[in-house]
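Please look over the sequence and the model below before reading on. The notes that follow take up one helix and one sheet.

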Amino acid sequence: SARRRRCDARSMWTLLPCNSGDRPSAREMGITLDAALEKVNAHLKACPFTSKDRIDLEALEKHCGRRYAQPETVPAEIWSSLRAMHGIDCVVLLPPDSADSGRTSVGSDGIICLSDSFAALKGLPVNTCAKALLTACGRTREIQGDVFVGRVAAEWGKDNTLRGSMGGETPPQLLVERDWLEKAQRYSSSAALEKAPGASAFESMLLSHLQLIRQQDIAAAIAEAKAKAAREGGGPTTGGPSEEALHGAGAGTLSWTDGKTDITVTVLVPASTKSKDMRCSIRDEWLRIEVLTLPEGRTVVVDQKLFQAVKASDCEWFLEDAPRQTPANVRALTVTLEKKKPMKWLVLTRND
C-alpha cells in the first residue's frame, strides 16, 4: 500500500564505513527516530576497528588529565575501559527548513551525521568518506569510526515543543546532490548558524533523544551488574543456610560513579554491619576498604592506588540503608572522594 511504501522509504539512512575497503550502503533503520538511534547505538558499540596504536593521546590527556608518551604505555585496564565507552555524537549538517517546499532534494528535512563520540579515545580510523562529506558541507572537522547520515523531520506541537521524526529516505546517492550540499555550506558559516530559525531547538530536540538512549544503556548496565552479582552469590549448601542468607545477596559488591568534582563509591555490606565493623582508609592516592562482617578471606573490598589524586581531608564515608531495589538483607557503604582536579575518571583504581 501507499502507507507501507512511505514507511519503508522513511526508514533508510546511509552508513559511511570507516574501513576503506567497504562502500557506503543504505541501511533500514525503522520508522521512528528513536528506533533509528537505537540501531545506530548498537552498531557503534560493536565496531571492531578499535586500535590501541591509534589512540589520540592528546584527547586522552584532556579526558582524564593523565599524560602518556606512547600508546603502548597506556595501562591495559584503562585501554579496556576506553573500548567499553560509547556514546553518539551528532553533527547537524542542515537543520529542517519549513520554507523549503521542494526547492532542494531533501525538501524541508534536516540532515544529521552520527558517529562515536569516543572514537579518538578508542583509536578508530579516520572516516575518509565522512570527512569528504563534511568538507562538501563547509565543515573542516575530521571524523573517525563508522558514520550514519540521515534525514530528520521536525514539527512544532500544540504545546510549543519541537518533535522529531524520520524524514525522507537517505540513500548513498543523495549525499552527492549539489542543491542541498550548497545549502549546507551556507548554513555552516558562523553567521548562518546564529540566524538559522529553529536550529538550536532542533539540536536540543536531538540531544534529548540521545540522552534517552544513554539512560537506557546505563539502566541495562546496572541490570547486568546486578544479575552478575546474583550469579556469583552462589546457591544454598547442604546442611546450612546459603552464604547469601548469612551475609546478604550481593554483599561486597562495589560500584562507583564519576561526578564533576567527586567520585561516589558504593559497597553493599551485610545488614548487620555497624560503623565499628568498617575499616575505611582514604589517602590522597590510595583507597582501602575492609568490611569485617564479610566472609573470612573476602573482607578487603579494595586496597589499591586511585586513578587520580583526591583531597583526602575532604573525603567522607557513611553507612545507610541500601536503595529500595537492592535486597533487604544488605546495607550500603557510601564513600565520597573529592577530586583534586575536575578530570573525568576512566577507572576507579589502577595497578601501577
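In which sense, parallel or antiparallel, do β7 and β8 pair, and over how many bridges? Strand β8 (residues 262-270) pairs with β7 in the antiparallel sense, over five bridges. This is a predicted model, in which local features need pLDDT of at least 70, side-chain atom pairs count only at pLDDT 80 or more, and totals for chains, interfaces and linings use all residues. Residues are numbered from 1 along each chain as its sequence is written, and side-chain values use heavy atoms, with hydrogens and water left out.

**The sheet**

- Strands here are DSSP runs of E with at least two residues, numbered from the N terminus, and two of them pair if DSSP finds at least two bridges between them.
- Four strands form an open sheet in the order β7-β8-β13-β12, with antiparallel pairing, and its edge strands, each pairing on one side only, are β7 (254-258) and β12 (316-321).
- Within the pair of β7 and β8, Trp 256 stands opposite Val 265 in β8.

**Helix α3**

- Helices are DSSP runs of H or I with at least four residues, and in helix α3 (residues 57-64) the buried residues (under 20% relative accessible area, 1.4 Å probe, protein chains only) are Leu 60, His 63 and Cys 64.
- Seen down the axis of α3, these buried residues fall within an arc of 70 degrees (taken from the directions from the helix axis to the C-beta atoms), so they line one face of the helix.
- The face turned away from the buried side of α3 carries Glu 58 and Lys 62, which are exposed (over 50% relative accessible area).
- After α3 comes Gly 65, whose phi is positive, near 80 degrees.
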